Structures are given as structure tokens and as C-alpha cells.
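Biologist: I'd like to go through this chain with you, a bit at a time. Can you put it up on the screen?

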Amino acid sequence: MSTPEQTTAGNQNANTAKSGGVKSMDEIVALCRRRGFIFQSSEIYGGINGFWDYGPLGAQLKRNLKEAWWQDIVQQELSGPDGKPVDIVGLDSTIIMNPKVWVASGHAAGFNDPMVDDKETKQRFRADHLIGLYQAYNVHTARERELLDQATSHIADPMNSILPLRTLVASSIGEAVDLLFSDKKLRQSIGIRKFVPSSNAADPDDDTTAALVDFGSGEQYVTIDTVPVRTLELHYESVVSPFTGKTGTLTKPRQFNLMFETFIGALQDEDSKAWLRPETAQGIFVNFWNVIDSTRVRVPFGIAQQGKAFRNEVTPRNFTFRSREFEQMEIEFFIPPLEACRAGEPTPTDWYKFWRDLRFRWWQSIGLAGDNLQLREHEKDELAHYAKEGAGTSDIEYRFPFTAPGFGELEGVAHRADFDLKAHASACGKGDKMKYFDQDLQVELQGAGKSKEEIQQKSRYFPHVIEPSAGADRGTLALLCEAYTPDESRASKVYMKFHPRMAPVKAGIFPLVNKDAMPETAERLYKQLRKKWVVEYDPKQTIGKRYARMDEAGTPYCFTIDGDTLTNQTVTVRDRDSQTQERIAIDQVEAYLTRRLG
């Protein structure tokens, strides 16, 4: 089995079985490379794992996503849960900041993933990405539970002492099933002669965690599940390696800090050490007081930012889903704590629900409106250290081909409480002096006859924060996966069904043949339309091949100038999705697109 560190775009450990109508990740990756959506970074030198370049179509697609987010969050007026306008301002902070920022935020000491090495092959993986094939009696029916209890009655911690028969590296159980189903070399390296995903094994209601396998000594059912990190900590010498199939070659999990180090200035020593930011949020938090002082915004209000972030992932995988360089679209929305809420104003819970539901609807509005999108509330054991217990944390998730039938995170919405502002106020030495002064609340409390002590206590506070944090790269990948639509009736055999607002190219302009003034007429129309939209002029090859090319680019409309155009001033417009054609007046083309594209 190849290490994830050696995986490239062509074998991304994200293959999807071509059955049951599930899309193939390999085919999506191939189209992205062929049509110029996404390339492997530094490809001519063999690439570099965890880094990706966006080609002409991909750069425009990602730009459309980011611009739609900015327009809908910062530029257009939003109405809050109380019906009043919501203030959101923009920010663009630096990638490298004072190292004290990351000490105060907790990233310097605690931004870690558990990592395991194979001593024989020198390969490594994230401990929480180890998937095991277990004997089928391990966790399911009442009878199997009874057998398990009997077999492990002498062990103090049985659930962390059950060892898998075989292991592999995958970021989800669904991905592991797909890999085992589609990758013959992987099955051979693990020692599997036969692998059949089954819905009739240990759990009849779960068709992703059971399979019929043959390791060479006859068929048996196995369950497929994540190997607990605790198992690796206690029994790492007894867990079989995903690379060699042997025991005794894995190291004990150890914490690996995900931040990229760099140095500022001429000398490279501890005093000049800095980090590339692992998230954009801290740039917002340290500028909170600057924004308050330089604008007229008052709590509640939000600061929005888009920008690059960097995480030295142990095992980047699944195309652009888990990369070492990525782009975020984040909002930090500052609200009063519950005790400082004014009469009739939304509570922190109201604001959390507002942003959670608004952000879910937004993803639906740009083309992710089907069953592949879900909103999932976090369980208590999933809450981050900064999350406000009981106030809510949720993920907006998309079912990618490599996570199917499960989901992968697109955006998180969390109530971060006052953790960050309070931490930075304390770390910079100013403490309570940096509390926000809520003048409107002070006036209200004075009018209610409250004591000076109560007014002082309630009108000065560290705001709480609701944080909707989305990934621009994951969002772009979700748009690509959702748009990918196989269609054997087309010359291209596939088309990209982008929402018109997201489509990289809005229209194709074609002269039917390169004579009889058709190219000149087509070029005039092209120059007119490109003043408002990204459009493409293409005079080459047959009209069918040009349609096929635009289908793969996801272009919603194509306009063809032909012989009739010169006599009656009409053009043929072809709809991408239905493939229907109609004739419209050439002077109505711009209005036609305006109605459909906005």
C-alpha cells in the first residue's frame, strides 16, 4: 500500500465504486485536470502533496464562490432575528502575525494531531485515520455483545483492547469501503482475496460497516470501523501496520503540531521564529478593538474575512478536501453575553440559530440543494475548547463521493463564547481594560433605575462570538462534485451542472463557420457580453465538439451565429441542461442572459 504522503491527483485514495449511481471521484479528478479546474502544484517536478493550483476554470469557479459569499454577507443588507439590519464589515489581516497571538490563542501549545510512524517503511499516518477490519461479532447485536463480553471479561478496558485483523488508512469508514472495493493492489497488500460490501452481516441496517472477505482461509464477515486512538496508545505493538500487515512495527501515537514554522529577519533562532496562520479567525479577534475605534459599528456586529491558512497535515488526502494550504471564509459575529442582552434584543441562542440556518440556506441557494447537504448539531463530546456548552455548535456537511454514504464538513457554526477576546486581552497585559463599553445598555439600565455597580458590571463586557467558518476550497470541491453529471446521450458523456451564479463561463459564442461574416458578427456579440460576464468565443471544430467542450466547463448557454443571423438578425441559443435550442433576436441576447444570470 502506498503512503498518503506519496498520493497524487491520479490515485487520491478517494476512489468511489461505480455502482448504485455513486459518482466516481477518479473521474471527477480526471475532468478537473483535463479541463483546467485544478492541477497538482509543481506538477512538472512531480508535484508536492497537500498543495493544489487552480487552473483557468477552477480559479473563476472559486472566485465566483468567494464573491457570492462576500456580496451576500458584507455588501447586501441582512435582517437579524429581530428584523433589524445586521452590520458586517470586512477585514484582510496578514498571514504572519506576532507569535504571541498563537500563544494566547492556544495554538502554539495545543494545535496537534496524533501521529503514528511505521518503523519499517518510515511511513506515517494520523492515528485517528486508522481503519480496522474486525471479526463480525465485535459490537452489534445482543448475542454478539454477549459473546464479546465473554471473550473480554478478563480485560479491564475491553473496547480499547479489541484488535483488528487488518488495517488501512482512510479519513472515514465510507472511504475505507470504497478503497477496499475499488483498489485491487490495496486488497492484495492487506491479504484480501475477496471483498464484498454487505448489508446482511453483523448489522443489517448498516451497509457501510460490514463486508464479506476471504483472507485465504475461507469467507467470513467482518465489520469495518475506526481503530480507537486509545487502542493504539495501549497496544501499538500488537496492532497490524496498514503498510506491511505486520505487528510490532508501529510507534506509539505522539502529538504533532500542525503549524508551519518560519523565521522573520536575517537570523534563524528562537527569537525570530514565527508561524504561518492556521486559521484566519485570530486576525479578526486581535483587530476587534481597532474596528470598534475606527468605525461606527456597535455590538452586535460582525467582521468578515477571506484568506489563506496553512496546516501541516500529517496525511493530506481526498484531493483538495484536506490540504496543507487552503482558503477560509469566516465571520466572527460579536454579541452581548446573555446577562448583557437588552430588553427585546435577540439572545445568544437566537443569534446562533440565525447564523446556522442562514448559512445552510446559502449553500442551498448556490446549487447544493439536494440530499447531499445536511445540517448536523454537535454532540457534547465534539465541542471545541472555545465552544459555549449548551449554546450550540453545528456543521454544514456535504456528502462527497469519498465520504459517501457519510458526510464531510463544509462549514462550522459555533458559539465561541468570549474565549478569544478575553485570552488576547489577558495576554497583552490589559485585561479588563479592554472590555467593550455598551453605551446603549448603560442608558437602558440607568433608565430602569439600576445601581451604579450593576450598570458598571453589565455594560462593560467581553462580547461573545458566533462563528460561521467555511472552507473556500471545500466549497469549490463540493460544487464540482455536485455539478458532475454523467450523460451518455452527450458527445462529452458528462456535463457540469453548475448553478448559473457559480458557472465559471456564463456563455459560449460560436460562429457556425469561419466565413460569410459570421466570425465578425460573433466577435461583436462576444465583445458586448464580456463587458458584464465571463464569456468565451470559440470558432474552432464542429459545433457538436464545441458544445461538448462547454458542457464539460459547465457553461449554461451557448449562442451560435449562422447563415440566418445575417438575414433575420437572430441567433440559436442552446440550454446546457435540457440541450434544447431556440432562436432569439441577436439584440436580445444580453437581456436574455440578464434574466437568467442576474
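What follows is a run of questions and answers on the fold, the cores and a few single residues.

Biologist: Before we start, what sort of model is this, and what pLDDT do local features need?

Modeller: It's a predicted model, where side-chain atom pairs count only at pLDDT 80 or more, totals for chains, interfaces and linings use all residues, and local features need pLDDT of at least 70. Residues are numbered from 1 along each chain as its sequence is written, and side-chain values use heavy atoms, with hydrogens and water left out.

Biologist: Fine. How many helices and strands does the chain have?

Modeller: Both are DSSP runs numbered from the N terminus: helices are H or I with at least four residues, strands are E with at least two. On that basis the chain comes to 19 helices and 30 strands.

Biologist: And what percentage of the residues is buried?

Modeller: Buried means under 20% relative accessible area, exposed means over 50%, and partly exposed is in between, using a 1.4 Å probe and protein chains only. Of the 598 residues in the chain, the buried share is 52%.

Biologist: Let's look at the open sheet of 7 strands. What is its strand order?

Modeller: Two strands pair if DSSP finds at least two bridges between them. The pairing in this sheet is mixed. The edges are β5 (88-91) and β18 (373-377), each with a single partner strand, so one side of each has no neighbour in the sheet. The twist averages 20° from one strand to the next, and the order reads β5-β16-β17-β23-β20-β19-β18.

Biologist: Which residue in β20 is the bridge partner of D395?

Modeller: Strands β19 (residues 393-398) and β20 (residues 408-417) run antiparallel and are joined by 6 bridges. In β20, the partner of D395 is G412.

Biologist: At about what angle does helix α11 run to β18?

Modeller: Axes are lines fitted to C-alpha atoms, for helices over the stretch in contact, and angles between N-to-C directions run from 0 to 180 degrees. Contact here means heavy atoms within 4.5 Å. Helix α11 (residues 348-365) lies across β5, β17 (325-335), β18, β19, β20 and β23 (464-471), and its angle to β18 is about 160°.

Biologist: How many residues are in the largest nonpolar core, and how many of them come from α11?

Modeller: A nonpolar core is a set of buried Ala, Val, Leu, Ile, Met, Phe, Trp, Tyr and Cys residues joined through side-chain atoms within 4.5 Å. F37, I88, F333, W355, W363, F400 and F498 have the most contacts inside the largest core. That core has 60 residues, and its largest share comes from α11, with 8 residues.

Biologist: Which residues does I88 touch?

Modeller: This leaves out residues up to four places away in sequence. The list for I88 is I73, V74, G302, A304, I331, F333 and W355.

Biologist: Now cysteines. Why is there no bond between C32 and C481?

Modeller: A disulfide is a pair of cysteine sulfur atoms within 2.5 Å, and the count comes to 0 disulfides. C32 is buried at 1% relative accessibility. The closest cysteine sulfur to that of C32 is in C481, and this is too far for a bond because the distance is 7.7 Å.

Biologist: Is D551 buried or exposed, and which side chains make polar contacts with it?

Modeller: D551 sits in helix α17 (residues 543-553) and is buried, at 2% relative accessibility. A polar contact is a pair of N or O atoms within 3.5 Å; within protein, one must be able to donate a hydrogen and the other to accept it, and residues adjacent in sequence count only if both atoms are side-chain atoms. The side chain of D551 has such contacts with the side chains of R490, at 3.0 Å, and R574, at 2.7 Å.

Biologist: Which residues are the bridge partners of R574?

Modeller: Strand β29 (residues 570-575) has 5 of its 6 residues buried. It runs antiparallel to β28 (residues 557-561), with 4 bridges, and to β30 (residues 581-585), with 5 bridges. R574 in β29 partners C558, and in β30 its partner is Q581.

Biologist: Last one: how far apart are the C-alpha atoms of K433 and R460?

Modeller: K433 is in the loop between α12 (419-427) and β21 (436-437), and it is exposed at 79% relative accessible area. K433 and R460 are 27 residues apart along the chain, and their C-alpha atoms are separated by 9.4 Å.
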